[in-house]
Amino acid sequence: MRRWRWRLNDARFHLGLGIGWRPQIALAIDHAPNLQFVEITAENFASAAALPEHLHQLRARGLAVVPHGISLSLGGAEPIEPARVRHLGALAGALGSPLVSEHIAFVRAGGREAGHLLPIPRTRASLRVLVENVKRAQDLLSVPLALENISALFEWPDRDYDEADFLAELVERTSVFLLLDVANVYANHRNLGGDPHSFFSRLPLKRIAYVHMGGGYENPLDGVYHDTHAHAVPQGALDLLADLASRAEPPGVMLERDDDFPDERELGAELARIRDALQLGRERRSAHVGR
Amino acid sequence: MSEDDRRALADQQARLVDALTAAAAPPEGFDAAQIVLTARTLHQKRARAVFKCWPAIADGLAGRFGALFEEYAASHSLPPTGPVEDGFDFATWLLCQRLLDDAGRMQWLLHRAAYGWPIRMMRLSTSRRLAIAVRLPIFGVRHILIPFPMSRA
């Protein structure tokens with residue numbers, strides 16, 4: 001079996017500015033002047049034949065479409081289901097996608113569905129299982145795979161790595177790319193502490209394929225921040241994006257909006273704020289290099 | 001070693017999922033308050049998803065949706081196929097307890113006709129009609145309502 005191992009030093013993707021495709025904002029996406037890629041949730045489409053015509057139209061206009069899975073459970077102890085990987089691959093094939101993405105998480109255990117992306121322990125044993133699952137998935141895919149860091153409201157008690165080292169080790173052993181969710185980094189910082197700047201400084205930044213940005217809100221009753229993707233992107237997350245961009249240019253950055261959809265004008269404003277944060281980061285980077 | 005790793009991880013993950021979805025005690029070492037918060041968030045997400053894709057139940061139950069869904073969810077784990085199936089199971093549970101109104105029964109019937117046996121029928125006691133749903137090639141599920149005199153219970 002041919003194995004694709006993307007043993008490249010840099011992510012070779014050029015995705016640009018993007019957004020999560022949702023039927024409720026398809027028209028706004030169509031009208032948006034600066035979009036260069038969209039991401040679709042793989043599980044929302046039963047097969048490649050079920051893909052909406054609009055996605056093919058966007059492709060014809062030069063936008064890339066990236067299938068994003070949510071049910072592979074790569075961090076789970078159970079072996080991955082080849083059919084789920086093949087589905088991701090089939091969508092990528094039909095859309096000419098440059099890559100596919102999934103999560104560093106598990107969604108089922110003991111025959112029970114969690115209904116949500118759950119964090120995995122950052123232990124040596126858990127990493128071995130994750131690496132094995134990722135390699136099996138990569139064997140079944142003919143495009144590169146990028147994996148997303150998730151947000152969580154709790155942590156596992158046993159820990160051999162912090163998150164940056166865990167991701168770096170995962171990348172080293174599998175050559176997988178990273179889908180860096182800056183909104184999740186922000187949410188985890190709000191709810192669990194930690195230092196996002198130190199996190200960025202120790203990540204293999206050149207393995208970042210693209211970035212997620214999304215909004216959330218703080219529950220006034222308990223102060224917990226929930227990344228709902230149903231609110232505006234908070235300034236704190238935009239600041240982190242600028243910090244990331246001051247270290248390395250991400251090949252792609254996209255907005256995730258899943259609910260309470262705003263009008264075209266507000267969506268445009270959200271995307272503009274993301275572009276501005278990137279530009280700020282770029283300016284800091286060239287000022288630093290110029291010194 | 002790989003199989004040992006998987007077995008140990010499987011046990012830990014199963015106990016965690018049970019704590020988050022079936023009110024089991026959290027495994028040792030986890031922050032109990034964080035687990036409770038996550039369990040509540042997961043439940044709200046599950047309820048919201050069913051609320052959205054089964055509007056007939058949502059409308060029919062109105063303010064009672066939350067409490068009834070919580071009661072149902074305590075004894076029914078999330079089906080792997082997702083909120084549509086979850087809503088169907090919830091509707092079936094409501095039906096068995098005579099808590100599903102005619103609009104909810106219609107949505108339940110149409111879902112039934114979409115899979116398996118292509119012809120389904122159901123009495124709508126409030127509007128005193130018989131609903132017949134048929135799954136046709138190309139057209140999908142279509143239904144008709146026939147006046148159906150019923151004896152007063």
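## Close-ups of a predicted two-chain model

**View 1. Around A:Asp243 in the predicted model.** Setting aside its neighbours within four places in sequence, A:Asp243 is in contact with A:His197, A:Phe200 and A:Arg284. This is a predicted model, so treat every distance here as a computed one. With A:His197, the link is a side-chain to side-chain polar contact of 2.6 Å. A:Asp243 itself sits in helix 8 of chain A, which runs over residues 235-245. Is A:Asp243 buried or exposed? It counts as buried, because its relative accessibility is 10% and the cut-off for buried is under 20%.

**View 2. Helix 1 of chain B and what packs over it.** Helix 1 of chain B covers residues 2-21, and its length checks out: 20 residues at 1.5 Å a residue should span 28 Å, and the end C-alpha atoms are indeed 28 Å apart. Quite a few of its side chains are tucked away, with B:Asp5, B:Arg6, B:Leu9, B:Gln13, B:Ala14, B:Leu16, B:Val17, B:Ala19 and B:Leu20 buried. What covers them? From chain A, the cover includes strand 5 (106-109), strand 6 (112-118) and helix 4 (124-140), and from chain B itself there is helix 2 (32-53). Just past the end of helix 1, look for B:Ala23, which takes a positive phi of about 55°.

**View 3. A:Ala109, touching both chains.** A:Ala109 belongs to strand 5 of chain A. Not counting residues up to four places away in sequence, A:Ala109 touches A:Glu78 from chain A, plus B:Gln13, B:Ala14 and B:Val17 from chain B. Those three chain B residues are among the buried ones of helix 1. A:Ala109 is buried too, because its relative accessibility is 4%. Within chain A, the C-alpha atoms of A:Ala109 and A:Gly76 are 7.1 Å apart, although 33 residues separate the two along the chain.

**View 4. The interface of chain A and chain B.** The contact draws 33 residues from chain A and 31 residues from chain B. About 2,700 Å² is buried between the chains, and carbon and sulfur atoms give 63% of that area. Charges join in as well: five salt bridges cross the interface. Between A:Arg128 and B:Asp5 there is a salt bridge whose closest N and O atoms are 2.6 Å apart. Polar contacts across the interface come to 10 residue pairs. On the chain A side, strand 5, strand 6 and helix 4 are the elements that give two or more residues. Helix 4 has the largest share there, seven residues. By type, the chain A side splits into 16 nonpolar, eight polar and nine charged residues.

**View 5. Salt bridges within chain A.** Over all chains, the whole structure holds 27 salt bridges. A:Asp160 and A:Arg124 make a salt bridge with 3.7 Å between the closest N and O atoms. This pair links distant parts of the chain, 36 residues apart: A:Asp160 is in the loop between strand 7 (145-148) and helix 5 (163-174), while A:Arg124 is in helix 4. A:Asp160 is partly exposed at 37% relative accessibility, and A:Arg124 is partly exposed at 46%. In another salt bridge, A:Arg159 meets A:Glu155 at 3.9 Å, N to O. A third view target is A:Arg273 with A:Glu266, where the closest N and O atoms of the salt bridge are 3.0 Å apart. Finally, A:Glu81, A:Arg84, A:Arg108 and A:Glu113 form one network through salt bridges that share partners.

Definitions and conventions: Residues are numbered from 1 along each chain as its sequence is written. Chains are lettered from A and ligands numbered from 1 in the order in which they are written. This is a predicted model: local features need pLDDT of at least 70, side-chain atom pairs count only at pLDDT 80 or more; totals for chains, interfaces and linings use all residues. Side-chain values use heavy atoms; hydrogens and water are left out. Helices (H or I, at least four residues) and strands (E, at least two) are DSSP runs, numbered from the N terminus. The expected span of a helix is 1.5 Å times one less than its number of residues. Buried means under 20% relative accessible area, exposed over 50%, partly exposed in between (1.4 Å probe, protein chains only). Contact means heavy atoms within 4.5 Å. Buried area is the accessible area (1.4 Å probe) that two parts lose on being put together, summed over both. A salt bridge is a side-chain nitrogen of Lys or Arg within 4 Å of a carboxyl oxygen of Asp or Glu. A polar contact is a pair of N or O atoms within 3.5 Å; within protein, one must be able to donate a hydrogen and the other to accept it, and residues adjacent in sequence count only if both atoms are side-chain atoms. Ala, Val, Leu, Ile, Met, Phe, Trp, Tyr, Cys and Pro count as nonpolar, Asp, Glu, Lys and Arg as charged, and the others, Gly among them, as polar.
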